Structure formats: structure tokens, C-alpha cells
Amino acid sequence: QVQLVESGGGSVQAGGSLRLSCAASGGTLSTWAMGWFRRAPGKEREFVAAISWRGDTTSYADFVKGRFTISRDNARATMSLQMSNLNPEDTAVYYCARGPRLSGPQVESNVYASWGQGTQVTVSS
């Protein structure tokens with residue numbers, strides 16, 4: 001059973017940047033689509049970004065386009081989310097997830113079978 005571990009969360013001021021990483025143990029990521037989701041306080045979990053298994057296709061939620069960049073390194077079994085120009089509305093717990101095998105980027109959370117424990121991102125104004 002693959003285990004996903006996020007890292008890189010923290011506290012920043014509005015306009016700042018953070019880079020989240022997701023690593024896998026007990027399994028591989030290289031042939032699976034991957035994604036990032038987040039849950040803000042009092043809100044439902046929502047899609048942030050996703051990447052195809054090859055890493056050649058990405059998908060973003062409208063509210064992060066132009067600010068966040070998802071990438072992956074299949075050789076190192078890692079995935080990253082570079083977040084720039086953060087604002088307080090980005091405050092949430094961010095989760096990485098492993099999606100379908102040999103797939104393009106997926107928006108719907110119900111197709112993701114493995115999830116990390118989450119990492120907190122707090123943006124102050």
C-alpha cells in the first residue's frame with residue numbers, strides 16, 4: 001500500500017510563496033496521475049491542480065491559474081506544487097493524492113484512491 005507524505009507547508013504573508021512536495025513510500029508514483037486538493041476551515045475539500053502520469057498535461061482550478069505550478073519527477077517518485085502570490089484565501093490543509101494509472105490529470109476527488117495526511121498552509125494578510 002503506497003503511503004503519500006506531504007511537506008513544505010508553513011506560514012507566509014500575503015504575496016509570498018511556498019513549495020509543497022509529495023513523496024511516496026511503499027509504492028510508486030510514476031505510472032499514476034497525481035493531484036493536489038485542499039480543505040479550508042469550514043469548507044469542503046476542493047481541487048487545486050492535477051498532472052498526468054507522464055507529466056506532460058496539467059489541470060488547474062481557476063482560482064490558482066497563473067499562481068500555482070504542479071510538477072513531478074517520476075525518477076524520484078515526487079510531485080510538487082509551487083505556490084506564488086499567495087493570499088489569505090489560500091489558507092488550507094493541502095493534500096496530495098494518487099489518481100488513476102496511466103491517466104491524464106483528474107479533477108474529481110473520487111477517482112483518487114490514495115491520499116496523504118495533509119500539510120497546513122497559512123497565509124496572513
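Two strands count as paired if DSSP finds at least two bridges between them. With that in hand, L18 can be placed: in this predicted model, L18 stands opposite M83 in β8. A little further along, R19 has Q82 of β8 as its bridge partner. Both pairs belong to the match between strand β3 (residues 18-25) and strand β8 (residues 78-83), which run antiparallel and share 6 bridges.

That pairing is part of a bigger picture. An open sheet is built from 4 strands in the order β1-β3-β8-β7, with antiparallel pairing. The edges are taken by β1 (3-7) and β7 (68-73); each has a single partner strand, so one side of each is left without a neighbour in the sheet. On average, and ignoring direction, neighbouring strands here are turned by 15° against each other. As for what holds such an arrangement together, strands of a sheet pair through backbone hydrogen bonds, either parallel or antiparallel. On the β1 side, β1 and β3 are joined in the antiparallel sense by 5 bridges, and E6 finds its bridge partner in C22 of β3.

C22 turns up again in the disulfide story. The structure holds 1 disulfide, and it links C22 and C96, with the sulfur atoms 2.1 Å apart. The link is right-handed, with 55° about the S-S bond. What does the pair tie together? C22 sits in strand β3 and C96 in strand β9 (residues 92-101), so the bond connects parts that are 74 residues apart in sequence. Are these cysteines buried or exposed? C22 has a relative accessible area of 1% and C96 one of 0%; buried means under 20%, so C22 counts as buried, and so does C96.

Then there is R38, a residue of strand β4 (residues 32-39). For all its charge-bearing name tag, so to speak, the arginine is buried, at a relative accessible area of 5%. Which side chains does the side chain of R38 meet in polar contacts? One is that of E46, at 2.7 Å, and another is that of D90, at 2.9 Å. Leaving aside neighbours within four places in sequence, R38 is also in contact with a list of residues that includes E44, R45, V48, F63 and F68. Further along the chain, the contacts of R38 include E89, A92, V93 and Y94.

Technical notes:
Residues are numbered from 1 along each chain as its sequence is written. This is a predicted model: local features need pLDDT of at least 70, side-chain atom pairs count only at pLDDT 80 or more; totals for chains, interfaces and linings use all residues. Side-chain values use heavy atoms; hydrogens and water are left out. Helices (H or I, at least four residues) and strands (E, at least two) are DSSP runs, numbered from the N terminus. Axes are lines fitted to C-alpha atoms, for helices over the stretch in contact, and angles run from 0 to 180 degrees between N-to-C directions. A disulfide is a pair of cysteine sulfur atoms within 2.5 Å. Buried means under 20% relative accessible area, exposed over 50%, partly exposed in between (1.4 Å probe, protein chains only). A polar contact is a pair of N or O atoms within 3.5 Å; within protein, one must be able to donate a hydrogen and the other to accept it, and residues adjacent in sequence count only if both atoms are side-chain atoms. Contact means heavy atoms within 4.5 Å.
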